[in-house]
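User: Hi! Could you walk me through some helix packing and aromatic contacts here?

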Amino acid sequence: MQKSLPPLGWLRTFEAAARHLSFTGAARDLNMTQSAVSQQIKSLEGYLGQPLFLRRPRALELTEAGITYLPVVRDAFRTLVRGTQAVTGTQQNAVQVQSNISFAVNWLAPRLPRFRAKHPEVQLNIFTELWEPREMAEGAAVEIRYSLRPSDTVRTELLRTDHYYPVCAPGYQVTLETLQQHPLFDCSNLLSNWECWVEEQGLIWEKPPITYSTTYLVSLSVAMAGGGLCLTHDTIARRLIDEGKLIAPFDHRAAMPEAYYLLLSPQAEETPGALAFADWVRREIESDLQT
């Protein structure tokens with residue numbers, strides 16, 4: 001049997017390269033160099049006696065052989081995972097969840113007791129990102145992504161759109177006329193920004209200094225401390241407003257270009273805990289939208 005099968009590492013590299021249609025993406029997932037990925041694919045193609053990829057100038061494309069071989073390889077890995085879990089007694093409902101840190105802290109964490117009460121058998125491992133990742137992290141079953149557009153490499157669905165607006169501490173004195181004289185804070189590299197919010201109301205944007213951070217957590221903390229105003233949106237700020245830690249001093253809310261998406265990896269379909277968590281997230285978001 002060993003003589004009729006290529007090395008397992010080559011197959012793992014092939015699956016990653018086929019998933020990304022990129023040797024660079026596979027290298028990032030597998031913590032290898034791009035040249036090492038390319039060499040392993042060449043070795044596998046030599047072993048099989050036929051090419052698995054068409055090398056285009058800027059992208060890869062699976063050949064007919066690659067299209068045929070990919071589901072076989074993926075099914076084999078799924079079988080290996082299930083078999084290993086059965087032998088080792090590993091909890092089959094351990095689920096790796098990935099999201100940006102602001103969503104994890106402000107939306108997910110306060111609701112986790114409710115999930116635990118409904119699904120005590122599911123063990124969640126939560127990994128957070130500051131920036132939107134290009135792809136789901138290796139091993140992640142579920143991701144909640146805040147993005148302009150969903151991924152096209154895994155199963156993706158829109159969770160919710162939102163509106164953004166300024167917030168500040170209760171009692172903080174500010175008007176639209178004096179807004180740009182106050183300290184302003186924002187999360188960097190977003191289209192949901194101060195300039196767009198001001199111009200939507202027909203106000204003149206005088207380009208005041210803005211302090212940027214890589215996460216909403218910083219700007220929200222400054223606002224709660226009475227240090228100025230920050231932009232935010234309901235998904236991550238509603239609880240803080242309901243608890244009286246923040247207020248929205250103005251009525252205007254602008255539609256966000258960005259939205260929240262639910263991403264499910266292929267292994268999520270084989271993990272009851274991942275499916276239970278994804279379904280719970282959908283219900284929680286739906287409940288938010290109805291209240």
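User: What is the handedness of the crossing in which α1 passes α3?

Analyst: This is a predicted model, where local features need pLDDT of at least 70, side-chain atom pairs count only at pLDDT 80 or more, and totals for chains, interfaces and linings use all residues. Residues are numbered from 1 along each chain as its sequence is written, and side-chain values use heavy atoms, leaving out hydrogens and water. A crossing is left-handed if the near helix is turned anticlockwise from the far one by less than a right angle, and right-handed if clockwise. On that basis, the way α1 passes α3 is left-handed.

User: Which residues of α3 make the contact with α1?

Analyst: Contact means heavy atoms within 4.5 Å. From α1, the partners are Gly9, Trp10, Leu11, Thr13, Phe14 and Ala17. On α3 they are Val37, Gln40, Ile41, Ser43, Leu44 and Tyr47.

User: Where do Phe277 and Trp280 lie, and are they buried or exposed?

Analyst: Happy to help! Both residues belong to helix α9 (residues 272–290; helices are DSSP runs of H or I, at least four residues, numbered from the N terminus), and they are three residues apart, about one turn of the helix. Buried means under 20% relative accessible area, exposed over 50%, and partly exposed in between (1.4 Å probe, protein chains only). Phe277 and Trp280 are both buried.

User: Which ring does the charged end of Arg253 sit over?

Analyst: A charge sits over a ring if NZ of Lys or CZ of Arg is within 6 Å of the ring centre and within 35 degrees of the ring normal. The charged end of Arg253 is 4.0 Å from the centre of its ring, that of Tyr165.

Notes. Helix = DSSP H or I, 4+ residues; strand = E, 2+ residues; numbered from the N terminus.
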